[in-house]
Every structure is written in C-alpha cells, then in structure tokens.
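Student: I am new to this structure and would be grateful for a close look at a single part of it. Please take me through one chain and its interior in a connected account.

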Amino acid sequence: MTTTQQQTEAPSPREPQRRRAPLTWRQRLGRLDVKLSPYLYIAPFWIVFAIVGLFPIVYTAVISFQDWDLVRNQGTLTGFDNFAFVLQDREFWMSLRNTFSIFLLSSVPQLIAATFIAAMLDKNIRAKTFWRMGVLLPYVVAPVAVALIFSNLFGDKYGLINTWLNDFGLPKIAWHVDVIPSHIAIATMVNFRWTGYNALILLAAMQAIPRDLYEAAAIDGAGAARRFFSVTLPQIRPTLIFVIITSTIGGLQVFDEPRMYDTRGNGGSNHQWETVTLYLYNEGWVNFNFGRAAAIAWILFLIIVAFGLLNFAITRRFIAGDAAPKKAKKKVKK
Amino acid sequence: MSLSRRKTTFGIAAGAATLAIALAGCSGTSSDNSSDTATTGTSGSNDAPVTLTLATFNQFGYSASSEGGADYKYDLIQEYMDAHPNVTITYNVADTSNTARENFFTKLGPGGLADVEAIEVDWLPEAMQYSDLLADISDPSLDGRWLDWKTQAATDKDGRLIAYGTDIGPEAICYNVDAFKEAGLPTDPTEVAAALDGDWSKFFDLGKQYHDATGKAFYEENAAVLQGMIGQLEAPYENPSDDSITALDNPEVKSIFDQLTTASGEGLSAGLQQWGDDWAAGMANGDYAVTLCPAWFLGVIEGNAPDGHWDIANVFPNGGGNWGGSYLTVPANGANVDAAKDLANWLTAPEQQAKAFENVGAFPSSPEAANSDAVQTYTRPYFNNAEAGKIYTERAAAVTVSPYKGSHYFQINDAMVNALRNVDTGTMSADEAWKQFQSDVKALS
C-alpha cells in the first residue's frame with residue numbers, strides 16, 4: 001500500500017523527494033517516534049483531564065441554559081434566563097464585591113510576605129531545613145482545623161482578639177457582623193495557610209539565581225535592598241508570575257474559609273462574607289437550583305480567566321520592566 | 001441496688017429482644033412470602049443470600065463499631081444479621097447530615113444509593129418532592145407505629161408513605177436555674193412550667209420580668225425561637241394545595257416576626273448565633289437563661305455548661321413543638337427493595353427504637369417505644385435528676401401540627417432567619433429587615 005502511494009506521488013512537479021533518500025520503514029518509525037511520542041506521553045493527562053475536567057466544564061455550560069433538576073437529571077431549556085437572573089441578583093454583586101475584597105486582602109499581603117520570607121530563608125541561616133519546613137507547617141493543617149483555631153480568635157463576644165482589645169480599653173470588633181472585619185478575618189485564615197507554601201516556591205526560584213550576580217552587584221556597590229530589587233526580583237519573575245496567577249485563581253475561588261467562618265456557612269445574614277463560590281454552593285446545594293449554579297460557575301470561570309490574563313499582563317510589564325525579556329530574545333537570535 | 005436493677009432490666013430487655021426478633025422475623029417472612037408469591041411467583045427468596053447496604057449519619061444508635069460511638073448496650077445490626085443468617089449488612093455512616101444530604105440527592109435519580117438510606121427531617125420536604133423515587137412502605141401492620149404527625153410528614157399527596165420514622169425531637173423549655181434564682185423567678189420546674197403554660201406571650205412576659213430584674217437577655221437569638229413558633233403553623237410559608245408562596249400574605253408570619261423583633265428590641269434576645277462559639281460560651285456564662293430544648297439537646301447543654309445548673313420545664317409555649325429527627329427510606333430503584341424494607345421495618349420497630357434510645361438517647365417516634373420501661377424510667381442527673389423520659393413522652397404527645405413544607409420552604413425560612421439575625425445584630429431595623437425579607441421572597445417566585 002505504501003508503495004502504490006509512493007508511485008502515485010512520485011511524478012509530482014517539484015521533485016523534493018529525489019533529494020531525500022527514500023526512508024526505510026525503520027527510519028519512518030523512528031521519525032514517528034520522535035514526532036508523536038511526546039504527545040503519547042502526555043496523553044494520559046489529557047485523557048483524564050478530558051473526562052474529569054473538560055467534560056464537566058462543557059456539561060456545566062449545557063446545564064447553565066436550563067432549569068435543571070439534579071435528581072431527575074433533566075431540565076427545560078430557558079436560554080439565558082439563568083445568566084440574566086444571576087447578573088441582576090443583588091446577592092451576586094455582593095458576593096463579587098466580597099470575593100475581590102477578600103482576594104486583595106489575602107493575596108497582596110500574602111505575596112509580599114512570602115517574597116520577604118523567601119528572601120530571608122535564602123540567606124545563610126542556621127538550621128535551614130528546620131525553618132524551611134516550619135513555614136510549610138500551616139499548609140499541612142486542614143482548612144477545617146484552621147477555621148476552628150481562628151474562630152476562637154475572631155469570636156464576637158468571647159474571641160481572643162476582642163478580649164485583648166477589651167483589656168486595652170478598645171471597643172470590640174464585630175467580626176461576624178461588619179463587612180470589612182469579616183473579610184480581614186477570612187483573609188487572615190487564607191494567608192496563614194498559603195504564605196509559607198508560596199514562600200517555598202519563591203525560595204526555590206531564588207536559590208536558582210547564580211550567586212555571581214550578587215557578587216558582581218556587591219562589588220558595584222549595591223546594598224542589600226538594591227540587590228533584592230535589581231537582582232532577586234527580576235530573576236524570580238517567571239516564578240512570581242506563576243505564584244501570582246495561581247493565587248489569583250485560588251483567591252477568586254475561596255470557599256472553605258468563608259464557609260467555615262460561622263456555623264451556618266451561608267456567608268452571613270446580610271451576605272457580609274458570602275463569596276462567589278459560596279453563592280454558587282448556596283444556589284446549587286441549598287436552593288437546589290443547579291441551572292443557576294452552573295451559570296454562576298461559568299461567570300466565575302470567565303472572570304477568573306479575564307483576571308488571570310490581566311494579572312499576567314500587569315506583572316509582565318511591571319516587574320523589572322522590559323529589559324530582561326528583550327535581552328533574552330537577542331541572545332537567542334545571535 | 002441500682003446495679004442489680006439495671007441487670008434485671010437488661011435481662012428483661014434481652015428476653016424481650018429475642019422475642020421481638022422472633023416475632024419480627026415471623027411477620028416479616030410471612031408477609032414477604034405472600035406478597036412475593038402473589039406478584040412475581042418466586043418462592044423461598046428470603047433464604048437466598050443477600051447483601052444489604054444501610055447508610056445513616058451522625059449517630060442513629062444502631063452499631064457502635066460503625067458509628068464510632070462509645071460502648072452501646074446493643075448492636076442492632078449484628079442482631080438483625082444473627083436473626084437473618086442469609087442477610088449481610090454493610091453499614092456506612094456519613095459524618096454529617098449535610099454530607100448525607102448531598103449524597104442522597106446526587107444519587108437518588110441515577111441510582112447508587114444504599115438499600116436503606118437515612119434522611120433528616122430538615123430535608124424531608126425536599127425528598128418528598130421526589131417521593132415517586134422512593135419505595136411506598138405503607139402497610140396495615142405499620143398503622144399506629146408512629147406518632148401521627150411523624151407519619152403525616154412522610155406521606156405524600158397520593159397517600160404514599162415513603163419513610164420509616166426513627167427518632168424525634170419533641171421540645172420542652174430548658175432554663176438556667178441560677179439565673180432564674182438571681183432574677184427572683186420561680187426555680188422549681190413545675191412552677192416554671194406553670195408560668196410558661198399558655199401562648200407565646202407568656203414566654204415573652206416571663207422574659208421581660210427576667211430582663212427587668214437582671215438586665216440580661218432571656219433567650220439566645222430570635223432565629224432559635226422562630227424555629228419553635230413557625231413549627232406550630234399548619235401552612236407557614238406556602239399554600240398546601242398548590243405550593244404557591246404565601247409567606248408575605250400570611251398574617252401569622254408577620255405576627256411572629258413582629259413579636260420576635262419587639263422582644264429583641266426590649267433586650268430579650270442575646271443575639272448569639274446558635275452553634276457558634278459565643279453561643280456555647282454564653283450558655284456557660286449565663287448570657288441567656290432559657291432555650292428551646294428538644295430531647296437530644298440535653299447533651300448539648302451538658303457539654304457546653306458542664307458546671308452549670310440547668311433544669312427542664314415540662315412545657316412548651318402554645319402546645320408542642322418538634323425540632324429534628326430522622327427517617328429511613330428505601331430508594332425504589334434499589335436491587336433488594338423488599339429485603340431493604342424488612343431491615344428498615346425492623347430497625348424502626350418499637351423494640352429497636354427503645355434500644356436505640358438506650359444506646360444514644362435518640363427519642364423514639366413510636367409511642368409504644370416511648371412507653372417502654374427503658375424510656376419511662378430514664379432520668380438525667382445533670383438536670384436535677386429530671387424524669388426526661390416521661391417529660392419528653394408528654395412533650396411528644398403535645399405536638400399536634402405537622403407544618404406544610406413545600407418546595408420553597410427552606411429558602412423562605414432562610415430569608416426569615418437572615419432578617420431576624422440582621423435585627424439581632426443591629427445591622428438593620430425591624431422595618432428594613434422585613435423589607436429585605438419581602439424582596440428575598442419575591443425573588444423566589
């Protein structure tokens with residue numbers, strides 16, 4: 001069969017085939033191996049992803065256009081009604097506000113702290129492994145346990161912090177009533193869990209920075225701060241972008257902490273700390289309106305994609321300017 | 001003396017148990033065989049080996065090994081398997097009712113549920129909307145096994161009974177004896193019961209007396225009392241005939257809202273969210289003096305206020321009230337519906353309900369079980385040796401209403417709870433909260 005094909009293709013106008021010697025069967029296999037094998041090796045991931053990731057995403061889109069009955073597994077088509085409802089729902093906009101507020105209150109301090117901690121761990125300190133593993137400890141604690149610990153801190157009446165404030169003659173903070181205090185409390189839980197984790201990733205990037213860069217900078221008279229901003233930060237930029245994007249995705253999906261923040265788990269009597277994921281959960285699992293929940297899921301997905309791209313663009317622009325990538329490109333060209 | 005007495009009761013109970021098993025086994029097999037031969041013609045199916053799965057949550061008091069509880073007096077699962085050598089039971093226990101709920105509704109349609117699934121009264125109304133997917137268990141032999149309101153709540157529009165009642169949560173009033181003493185109020189349970197006997201105004205009046213004397217809050221939060229008040233309405237939020245939302249037009253709902261917000265305005269509500277840390281600490285610290293108190297709640301008080309001094313008043317404002325309780329259902333698409341029915345039937349029979357009560361204090365929904373010695377002689381040392389068994393039997397009999405809970409019940413009740421909490425925390429005035437409730441409810445329809 002292959003021979004017949006060759007014969008029919010042989011009298012083609014430009015004769016490139018003549019220059020190349022006809023490949024043997026083995027060589028063909030070899031080329032196929034080089035070209036196809038990588039795809040084959042990543043195929044398991046993509047097959048699994050298609051089943052547990054892609055399919056649910058598409059199916060969610062299908063459900064989002066219907067009035068869906070989870071139990072009977074059927075729905076009636078309602079067009080964009082679910083989306084229209086969600087976008088007009090006061091609760092959705094409140095939850096969006098809460099999500100961004102909690103995201104900013106958690107991600108920004110968390111990344112600054114993580115970078116700082118990583119820079120400190122990168123220094124010559126005693127018992128390195130101990131400190132490095134120590135910062136990861138909060139990550140190992142289950143979110144539910146974190147919520148338990150922090151609910152002791154942030155109790156409205158008998159919480160530790162309010163007791164301290166009281167001792168100093170300061171007014172108590174209504175952690176579970178006022179909007180911003182509740183966001184700060186939840187952001188604290190998120191930070192507690194994720195700061196060390198991000199610090200370790202950034203530390204790994206910092207350790208890969210060639211030490212001679214620092215030596216050169218030191219000889220040029222750069223102080224510690226200058227070396228950090230002009231050497232460390234630009235060098236860990238790709239990692240920083242990665243960390244920022246993952247924490248954006250995580251921050252916009254924050255769920256465990258607000259859900260565990262009080263015993264009812266619905267985001268507060270006046271939706272004070274109801275995040276979008278919690279709103280989604282409530283619509284789906286409390287109100288049994290899965291069409292609407294699917295619509296929220298898609299809206300959230302689009303928001304996260306948009307925000308992730310925005311973050312990517314911003315961090316690429318602002319961290320260490322444009323110099324680094326251009327240089328790299330030139331080098332490649334030469 | 002108490003030891004020997006316990007031994008004899010144990011002996012009698014054990015004797016009764018074997019008898020009960022024998023009886024249950026007999027009735028089960030006979031009815032089953034007849035129905036089998038009548039419908040499908042298979043004979044002797046009862047001896048064929050069958051594996052049944054049973055799924056519950058928290059602690060139903062069936063088997064200590066699966067429920068992770070302390071030593072139970074009885075292992076009902078083992079008892080059933082001993083009496084039915086062909087039956088093997090796989091018993092799964094979910095950690096919370098919420099986990100069980102999600103699992104139940106995810107698999108109810110497509111299949112994959114256990115042969116016998118426990119459901120909680122809180123999500124029974126949701127399950128009732130899919131009653132056609134659950135096996136109809138009505139049987140003349142079950143008539144009178146449960147309290148009427150327990151059965152009524154699990155009977156759908158077509159008259160199909162879809163769940164076997166297990167335990168119930170009849171409510172009394174528990175009060176902090178020291179706090180009452182401090183306020184100069186009666187402290188003897190019978191006197192307190194007499195003071196509260198009547199409608200809810202009596203409850204709020206006593207609260208005002210208490211508040212005037214001590215300056216402290218009387219009850220934990222508005223939403224907690226709402227639970228007791230709303231449960232006494234036949235049709236609180238929806239019209240039973242067509243499931244339309246009536247919450248905003250129902251004068252009784254507005255009246256309850258007004259009574260509660262007035263009371264919290266007068267300082268009767270401590271505004272401590274139920275089950276929160278502050279609420280638990282408040283129970284020990286005397287931040288509030290009374291709480292609506294179902295049978296299973298006694299352990300909660302003992303746990304939260306171990307050094308406290310609380311007592312049970314055999315009374316509930318405006319009649320009776322129920323808070324909590326569960327059922328066993330048999331999904332209709334299961335592989336062993338008949339055998340599963342037998343198991344659920346046996347587990348909810350009066351004898352086994354009484355044993356589950358002895359195991360974990362799950363108050364029986366069967367009057368016969370409630371009248372058993374085990375329940376009637378039951379006392380609670382923490383509550384000044386109150387005769388809890390007798391009190392709650394009376395409280396259960398006082399419940400007359402089984403409120404209609406339609407497809408929007410929980411969303412509306414949630415909106416109501418939110419509104420009341422917003423008043424409790426000072427986030428909104430009563431008027432603003434009612435308007436919020438109105439707009440929340442309007443968004444539902």
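**Chain B: two domains and a core**

Tutor: In this predicted model, chain B is divided into domain 1, made of residues 2-168 + 325-391, and domain 2, made of residues 170-322 + 399-442. Where the two touch, domain 1 of chain B contributes 16 residues and domain 2 of chain B contributes 20 residues. On the side of domain 1 of chain B that touches domain 2 of chain B, at least two residues each are supplied by α6 (148-153) and α18 (388-398) of chain B. The most comes from α6(B), which gives 3 residues to that side of domain 1. By class, the residues on this side of domain 1 of chain B divide into 10 nonpolar, 5 polar and 1 charged.

From this contact one may turn to the interior. The largest nonpolar core has 127 residues. Those with the most contacts inside this core are Ala172(B), Ile173(B), Tyr175(B), Leu226(B) and Leu343(B). Helix α19 of chain B, residues 409-424, provides the largest share of the core, with 8 residues. The two domains of chain B also meet in this account of the core, for at least three of its residues are drawn from each of domain 1 (2-168 + 325-391) and domain 2 (170-322 + 399-442). As general background, nonpolar side chains tend to be buried together in soluble globular proteins.

Ile173(B) offers a view of the surroundings of one core residue. Leaving aside residues up to four places away in sequence, Ile173(B) touches Leu196(B), Val290(B), Leu292(B) and Cys293(B), and also Ala313(B), Val315(B) and Phe316(B). There is also a second, separate core, which has 18 residues and includes Tyr279(A), Tyr281(A), Ile296(A) and Ala297(A) of chain A.

It remains to consider how much confidence the prediction carries. The model scores ipTM 0.80 and pTM 0.82. For chain B, the average pLDDT is 88, and 89% of the residues score at least 70. Residues 1-45 of chain B, however, have a pLDDT that stays under 50, and the model has 25 contacts beyond four places in sequence for this stretch. Where pLDDT is low, the predicted coordinates should not be read in detail. That caution bears on part of domain 1 of chain B, whose assigned bounds include 2-168, whereas the low-scoring stretch covers residues 1-45 of chain B.

Note on methods. Residues are numbered from 1 along each chain as its sequence is written. Chains are lettered from A and ligands numbered from 1 in the order in which they are written. This is a predicted model: local features need pLDDT of at least 70, side-chain atom pairs count only at pLDDT 80 or more; totals for chains, interfaces and linings use all residues. A nonpolar core is a set of buried Ala, Val, Leu, Ile, Met, Phe, Trp, Tyr and Cys residues joined through C-beta atoms within 7 Å. A residue is buried if 20 or more other C-beta atoms lie within 10 Å of its own, exposed if 12 or fewer, and partly exposed in between; C-beta atoms are placed from the backbone. Helices (H or I, at least four residues) and strands (E, at least two) are DSSP runs, numbered from the N terminus. Domain bounds come from an automatic or database domain assignment. Two residues are in contact if their C-beta atoms, placed from the backbone, lie within 7 Å. pLDDT is the predictor's confidence in each residue, from 0 to 100. Ala, Val, Leu, Ile, Met, Phe, Trp, Tyr, Cys and Pro count as nonpolar, Asp, Glu, Lys and Arg as charged, and the others, Gly among them, as polar.
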